[in-house]
Amino acid sequence: MAEVLIKKDWRGSLNGPLPATTLSSGFRFIGSFISSGSGTGSTSMWAEDHALGRSPSSRSTIISHSPSNLGFVPSSFNLSPNPHDNPNIVSSQVPSVHLFSEESQEKFIVQELLYILAGVDSCLISCHNVTPNKIGFSVDRRIQSTLSSFALEVAQLAGHYYTVNRYVEEIFQYEDGRVVHALVSTIQEILKEYFIMLTQLNVEFRKGNLNLRNLWFFINPTLAKMAILSSIVVEIEDKNLVGGAVLTHLHEKSMAMMNSSDQSLCLFMAQRSSVPYFETLEQWIYKGVIKDRFSEFFVMDSDNSNQEAEVNDDYWEKRYKVIPEKCPSFLSKNIIQVLKSGKYLNVMRNCGKDVKTFQGEKIVYSIHERDYMDKIDKAYSFASKKLLTLLLDEYDLMKRLESVKHYLLMDKGDFIVQFMDLTDVELSKPIDDLNPSRLESLMGLALRTSSAYNDPYKDSLKVQLFPYGIGDQLLTIIAIETPMERRDFPQVCNYKLPGAEGFSFSYDVKWPISLVLTPRVIVCYQLVFRHLFFCKHVERQLCNVWISSKGSEGPALTDQKDKAVVFALRQKMLNFVQNFQYYMAFEVIEPAWNAFITTMQKVSNVDEVLECHLGMVTSILDDSMLTIKVLLEKVTRILNLCLRFCKKISLMYSHNNVDANIHEKICAADVKFSKMLVSFLKEVSEISQSSNKSNKVGNIIHRMNFNAYYTPSLEDSSNTIQQQPSSLSVPNMRETLPSSSHHFD
């Protein structure tokens with residue numbers, strides 16, 4: 001009977017004879033748990049129950065392995081009560097076991113252990129639940145203590161096997177995703193090798209070459225491997241890990257293993273489990289396609305439609321999102337490159353271009369991250385360069401940016417003068433009374449009658465009216481996508497605001513240029529334009545005062561002293577406004593633009609373009625003093641004082657009604673203007689000496705005080721207002737920025 005070596009499993013079917021596989025090669029095979037696939041054979045239960053004198057079918061199988069499909073069919077384990085609750089467990093199936101000799105007991109225990117290791121119920125070794133996913137064992141108390149201790153040590157392997165197989169057969173679900181599918185497939189291969197080892201142990205047992213010590217020696221390497229496997233599946237089950245979280249767990253296990261053999265097991269499992277994840281990654285970075293049925297990938301496409309992208313940066317910012325929790329830890333350093341690689345390819349695809357697939361290398365898991373980081377960087381570089389070429393060559397990005405500079409940065413001076421001449425009457429009205437269509441028509445006329453006529457993108461220029469001042473528009477940038485954006489801005493709308501203060505140009509941007517000229521960037525351009533346009537408006541009003549004085553035929557200001565003080569104050573104000581414009585044009589905008597052009601000649605990808613362009617816009621905003629609250633406040637107060645002066649003098653000339661106290665009021669306004677200007681210059685001087693601010697703002701002092709006229713006042717601390725500069729503050733902006741509606745006094 002010992003030569004037949006057949007068994008009858010719980011379904012009553014017979015399996016054929018066991019293969020004659022050598023024990024030495026078999027343990028080398030299972031010891032590493034990683035094999036080229038050598039060795040095949042049945043994994044059937046192996047022996048007749050001669051010691052008990054009964055048929056094998058009378059045993060209860062825990063798990064039956066089917067060699068035809070390498071699957072494992074679960075059955076119920078006969079769990080006995082916890083031995084700690086009843087320490088006097090005695091098997092009734094072998095009443096005379098205590099009468100066996102020590103050698104017979106050992107042989108009997110070895111056979112029972114082989115049953116337990118295969119998942120078959122034993123008559124001397126009972127099992128009990130330790131935790132929901134772990135079991136423990138207890139040996140009949142009549143067995144000698146030495147043999148019992150050895151048996152419990154060996155039975156640990158059966159406990160680990162139970163935990164692993166339970167996860168494969170009961171816990172694993174189809175919805176867990178492709179990574180878990182690959183992990184379970186790998187575990188099944190390892191369990192197949194485990195049963196091959198048990199088959200070889202059974203052969204040696206039948207030859208009489210297997211005792212407890214030999215059994216312990218042979219299974220010890222496998223015990224360590226199965227313990228690792230058990231700990232892995234327990235943590236995956238307890239934390240409900242899927243997708244990238246599973247790969248992170250396997251990667252951390254691999255990194256933590258000090259033994260090279262144990263590390264090889266974890267690496268093998270990580271490599272096999274990561275195959276479907278890396279397939280999704282390759283599809284994304286090489287083709288710009290997400291094939292993620294189970295939502296395991298860390299890049300999520302929130303819009304799977306093929307509709308044309310809208311003219312804003314929502315596509316760029318919102319369509320593709322990164323979910324960090326789904327990213328394996330070994331890819332965390334490359335999240336941005338991975339996201340943008342596929343995103344760039346999709347930008348080109350949305351432009352109707354035939355995207356050339358990048359023939360990249362296959363990405364394989366490695367404990368050394370640099371092995372696949374290089375491949376990701378190559379894919380990112382390819383996609384970025386292709387998109388850069390598309391933007392620069394086919395969509396003429398640089399000409400578009402030059403067109404924006406012509407209008408929003410007032411590069412076309414003759415067009416601005418022409419436009420302001422045509423809209424002088426219109427822009428003197430309140431915002432609520434303005435007709436945007438009429439302004440559009442006048443703008444079109446100015447475009448056709450100026451040098452801007454040759455601009456191929458002039459039709460992208462639009463008119464926009466803001467019912468709030470420049471300070472409140474700065475708040476729109478700060479409050480974007482915050483509760484304040486919805487709460488505060490409807491309350492600050494002032495439809496009685498003069499048209500010249502609420503007017504701005506806008507620029508219609510099409511996809512994919514909107515990736516560079518995003519709405520937020522356009523708002524920054526508009527801030528600079530409104531600042532310059534308001535200065536230009538004040539300059540024109542001051543010039544109109546001079547024209548009114550020359551053309552007046554009435555009795556207004558017949559006193560030469562009155563004329564002198566009005567002329568002197570007007571000239572001071574005009575000097576301030578003109579020099580401020582010159583500073584912004586020639587010391588802020590032009591140097592920043594030239595630096596931008598120089599840098600653009602060296603860029604190699606789209607990210608560098610975005611960074612370079614945003615750097616230019618930020619530099620202009622900072623050096624124009626738009627982002628420094630105290631300076632913007634002081635400049636606005638000075639300009640509003642100039643407007644009130646112009647309004648008072650113009651009314652006096654138009655009505656030939658001279659105020660009796662005009663001389664005193666003009667002199668008081670002169671003193672007030674000088675104090676405000678000195679305070680402004682003093683603040684500029686302090687900011688220019690600050691280490692965290694640009695020194696360029698200090699250049700305006702040399703323009704305003706070119707002849708040292710204000711030097712004594714600057715040195716006199718009594719005429720300065722000591723106030724520390726601060727960055728733009730949201731709560732106090734509306735309180736500190738004055739309105740031009742104040743009366744001249």
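Is Asp-140 buried or exposed? In this predicted model, Asp-140 turns out to be buried, with a relative accessible area of just 2%. Its salt-bridge partner is Arg-142, and the closest N and O atoms of the two sit 3.1 Å apart. Arg-142 has a relative accessibility of 19%, so it still counts as buried, since the cut-off is under 20%. In general, side chains of opposite charge can pair when their charged atoms come close. The model has 21 salt bridges in total.

Helix H18, which covers residues 560-600, keeps turning up in this story. Lys-405 and Glu-590 meet through their side chains in a salt bridge, with 2.9 Å from N to O. That pair ties together distant parts of the chain: Lys-405 belongs to helix H11 (residues 397-408) and Glu-590 to helix H18, 185 residues apart. The two ends are not equally covered: Lys-405 is buried at 7% relative accessibility, while Glu-590 is partly exposed at 24%.

A second link to helix H18 comes from Asp-670 and Lys-572, whose side chains form a salt bridge at 2.9 Å, N to O. Here, too, distant parts of the chain are joined, with Asp-670 in helix H21 (residues 662-688) and Lys-572 in helix H18, 98 residues apart. Both Asp-670 and Lys-572 are buried. As for shared partners, salt bridges bring Lys-405, Asp-411 and Glu-590 into one network.

Now for the surface. Phe-567, also in helix H18, is partly exposed, with a relative accessible area of 45%. Together with Trp-546 and Ile-547, Phe-567 makes up a nonpolar surface patch with about 320 Å² of accessible area.

Methods:
Residues numbered from 1 in each chain as written. Predicted model: local features only at pLDDT ≥ 70, side-chain atom pairs only at ≥ 80, totals over all residues. Heavy atoms only, no water. Patch = residues over 30% accessible without salt bridge, like charges linked within 9 Å, V, L, I, M, F, W, Y side chains within 5 Å. Areas by Shrake-Rupley, 256 points an atom, 1.4 Å probe, with all protein chains shown as cover. Salt bridge = Lys/Arg side-chain N within 4 Å of Asp/Glu carboxyl O. Helix = DSSP H or I, 4+ residues; strand = E, 2+ residues; numbered from the N terminus. Buried < 20%, exposed > 50% of the residue type's maximum accessible area, 1.4 Å probe, protein only.
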